[in-house]
Amino acid sequence: MLTSVKAARRRIRYESWHLLHLYAYLGVGLALPHQLWTGEEFLSSTSRTVFWWTAWALAAAAILIFRIGVPIWRNARHRLRVTAVVPEADRVVSVYVTGRRLDQLRTEAGQFFSWRFLGRPGWTRANPYSLSAAPDGRQLRITVQEAGDGSAALRGVRPGTRVLVEGPFGRLSARARTERRIALIGAGVGITPLRALAEGLNYAPGDAVLIQRYTEHQLFRSELQALHHERGLSLLTLPGHRRSPTSWFGPGPGELDDLQALRHWIPDIADRDVYLCGPDAWTQLVKHTLDAAGLPAERLHLETFKW
């Protein structure tokens, strides 16, 4: 519990935090049977004993099936391997993965997997990375910024490396969509699932707009330009450092505040589905602006890069 407090999480590496939480399975697995064997409240009647033992068995079965059995079956079936590692920007790489029967892997643009790349230190720790390209049945792609031991090691992964995955997870996908028109708003490496959505979602020319916030390097510039010309995706880039700690924009809007600028660029923002992804503090600023613009909460689909 203490390791989940925000102040503690800021001081703990993701890999250490993940390992600590894996011990929760061991603790629960040992503590509950002990309670069921010796706890008076569980032994006072046959019906109580049967109920709690059944509940424990169902919980244990769910973990064994969905946390262990299904991932083992899925990885044995698809046999994923790395085909290429491509630098995208300073400390950012894309990893391409292929395998068998990927057309039968039930995943959607915008979702993420927990990834393990075998044959390197720390491979037992899974790291969550979103797809940065729409799945096409032939390959998967993730784009990762170096932020810890696991992500930093990806630059050295060799083609042919076996990959284990869990997932897919997340509702930042077409399933969450309710409106014809959409807006995709992302910052930094948070643009990765939005890049996949821009490719994977159905929309008419002019019905989709993507706002990309970055400080120095614009990820997927040529790919997004291609979507602009081929699909009619409207693009708005916001480069440079933020103009103030309370603004999610760069220096572009001039005298307009964030709400005025957003309404100027996307007048019908309140009538769209909005997909939002980026650093937590930044997305909270965007969310505040969207609330002020009148966007209903159920049409905001949010993914933050935090743990």
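These legends accompany several close-up views of a predicted model.

**View 1. The whole chain at a glance.**
Let's start with the overall picture before zooming in. The protein is built from nine helices and 11 strands. Of its 307 residues, 41% count as buried. Its accessible surface comes to about 16,400 Å², and 57% of that belongs to carbon and sulfur atoms. Among contacts with a separation of 6 or more, 68% join residues 24 or more positions apart.

**View 2. Helix α6 under cover.**
How many of the 10 residues of helix α6 are buried? Eight of them are, so this helix, residues 191-200, is mostly covered. The buried residues are Ile191, Thr192, Pro193, Leu194, Arg195, Ala196, Leu197 and Ala198. Their cover includes the strands β4, β5, β7 (182-187), β8 (208-213) and β10 (273-278). Helix α7 (221-231) is also part of that cover.

**View 3. Ser132 and its neighbours.**
Stay close to helix α6 for this one, and look for Ser132 in the loop between β4 (127-130) and β5 (139-145). Is Ser132 buried or exposed? With 0% relative accessibility, Ser132 counts as buried, because buried means under 20%. Beyond its neighbours within four places in sequence, Ser132 is in contact with Thr192, Arg195 and Ala196, which are among the buried residues of α6. Ser132 also contacts Arg141, Ile142, Thr143 and Phe220. Val95 is 37 residues from Ser132 along the chain, and their C-alpha atoms are separated by 9.6 Å.

**View 4. Salt bridges between parts of the chain.**
A search of the whole structure finds 15 salt bridges, and here are a few to look for. The side chains of Glu108 and Arg175 meet in one of them, at 2.7 Å from N to O. Glu108 belongs to the loop between β2 and β3, and Arg175 to the loop between β6 (162-169) and β7, so this pair ties together parts that are 67 residues apart in sequence. Both residues are partly exposed: the relative accessible area is 25% for Glu108 and 46% for Arg175.
Glu166 and Arg116 form another salt bridge through their side chains, at 2.6 Å from N to O. This pair links distant parts of the chain, with Glu166 in strand β6 and Arg116 in strand β3, 50 residues apart. Glu166 and Arg116 are both buried.

**View 5. A further pair and a network.**
Glu146 forms a salt bridge with Arg155, and their closest N and O atoms are 3.0 Å apart. Arg155 counts as partly exposed, at 38% relative accessibility. Which residues do salt bridges with shared partners join into one network? They are Arg141, Arg195, Glu199 and Glu223. You have already met two of these residues, since Arg141 and Arg195 are both in contact with Ser132.

**View 6. Two surface patches.**
Now turn to the outside of the protein. Arg79, Arg81, Arg100 and Arg101 gather in a surface patch of positive charge. Arg101 is in the loop between β2 (92-98) and β3 (112-117).
A nonpolar surface patch of about 530 Å² is made by Leu64, Ile65, Phe66, Ile68 and Ile72. Ile72 is part of helix α4, which spans residues 46-78. Ile72 counts as exposed because its relative accessibility is 55%, and exposed means over 50%.

**View 7. Thr237 in strand β9.**
Strand β9 (residues 234-238) is where to find Thr237. Thr237 is partly exposed, with a relative accessible area of 34%. Not counting residues up to four places away in sequence, Thr237 touches Gln212, Tyr214 and Gln218. Leu210 is 27 residues from Thr237 in sequence, and the two are 8.3 Å apart in space, C-alpha to C-alpha.

**View 8. Thr283 in helix α9.**
For the last view, find Thr283 in helix α9 (residues 280-292). Thr283 counts as buried, at 0% relative accessibility. Which residues are in contact with Thr283, leaving aside its neighbours within four places in sequence? They are Leu276, Cys277, Gly278, Leu302 and Thr304.

Definitions and conventions:
Residues numbered from 1 in each chain as written. Predicted model: local features only at pLDDT ≥ 70, side-chain atom pairs only at ≥ 80, totals over all residues. Heavy atoms only, no water. Patch = residues over 30% accessible without salt bridge, like charges linked within 9 Å, V, L, I, M, F, W, Y side chains within 5 Å. Areas by Shrake-Rupley, 256 points an atom, 1.4 Å probe, with all protein chains shown as cover. Salt bridge = Lys/Arg side-chain N within 4 Å of Asp/Glu carboxyl O. Lys, Arg positive; Asp, Glu negative; His and termini not counted. Charge placed at Lys NZ, Arg CZ, Asp CG, Glu CD. Helix = DSSP H or I, 4+ residues; strand = E, 2+ residues; numbered from the N terminus. Buried < 20%, exposed > 50% of the residue type's maximum accessible area, 1.4 Å probe, protein only. Contact = heavy atoms within 4.5 Å.
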